[in-house]
Amino acid sequence: MNFSKAARFSFLMVVPLILGKIAKDLLSGDLEFRGALAGPMSAGFVAAFISGLIACTWMIRLVRNSRLTYFAVYCLVVGLLAIAAGFWLG
């Protein structure tokens, strides 16, 4: 199995879901892109897009160059932090 291709495929699988959710929110009126909010929303979209590309590139490189041990540790730490944040902020 080619881990690099599998990792790239798994990260790219989420793109249609994200675009579909944005389209659904725009069509239903839950998300409005006009007026004074257009600038901040555009900046947020660009920042999220760039940081997402960087994160996906980093994760694909991590999977390609090493075993999945580091990725497992990363998932464990992020998961525990999310659970802790849920308890503290929830």
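Visitor: Where does L81 sit?
Guide: L81 belongs to helix α4 in this predicted model.

Visitor: Buried or exposed?
Guide: L81 is exposed, because its relative accessibility is 57% and the cut-off for exposed is over 50%.

Visitor: And how far is L81 from G20?
Guide: Their C-alpha atoms are 28 Å apart. Along the chain, 61 residues separate the two.

Visitor: Switching to confidence. What is the mean pLDDT of the chain?
Guide: The mean is 82. Of the residues, 96% reach 70 or more.

Visitor: Which elements have the lowest and highest mean pLDDT?
Guide: Helix α1, residues 3–12, has the lowest, at 74. Helix α4, residues 69–89, has the highest, at 90.

Visitor: Pockets now. How much space lies in the largest one?
Guide: About 500 Å³. The lining has 16 residues, and V15, I18, F49, G52 and L53 are the closest to the centre.

Visitor: Which helix gives the most to that lining?
Guide: Helix α3 does, with eight residues. α1, α2 and α3 (38–65) each supply at least two.

Visitor: How do the lining residues divide into nonpolar, polar and charged?
Guide: The split is 13 nonpolar, two polar and one charged.

Visitor: Back to α2. What does α2 reach from its first C-alpha to its last?
Guide: Helix α2 covers residues 14–28, 15 in total, and reaches 21 Å. That is close to the 21 Å expected at 1.5 Å a residue.

Visitor: What comes just after α2?
Guide: G29, which takes a positive phi of about 90°.

Notes. Residues are numbered from 1 along each chain as its sequence is written. This is a predicted model: local features need pLDDT of at least 70, side-chain atom pairs count only at pLDDT 80 or more; totals for chains, interfaces and linings use all residues. Side-chain values use heavy atoms; hydrogens and water are left out. Helices (H or I, at least four residues) and strands (E, at least two) are DSSP runs, numbered from the N terminus. The expected span of a helix is 1.5 Å times one less than its number of residues. pLDDT is the predictor's confidence in each residue, from 0 to 100. On a 1 Å grid over the protein atoms alone, a cavity is a set of points where a 1.4 Å probe fits but cannot get out, and a pocket is an open set with protein on both sides within 12 Å along at least five of seven lines; lining residues have an atom within 4 Å of a point. Grid points are joined across faces, edges and corners, and a volume is the space filled by probe spheres set on the points. Ala, Val, Leu, Ile, Met, Phe, Trp, Tyr, Cys and Pro count as nonpolar, Asp, Glu, Lys and Arg as charged, and the others, Gly among them, as polar. Buried means under 20% relative accessible area, exposed over 50%, partly exposed in between (1.4 Å probe, protein chains only).
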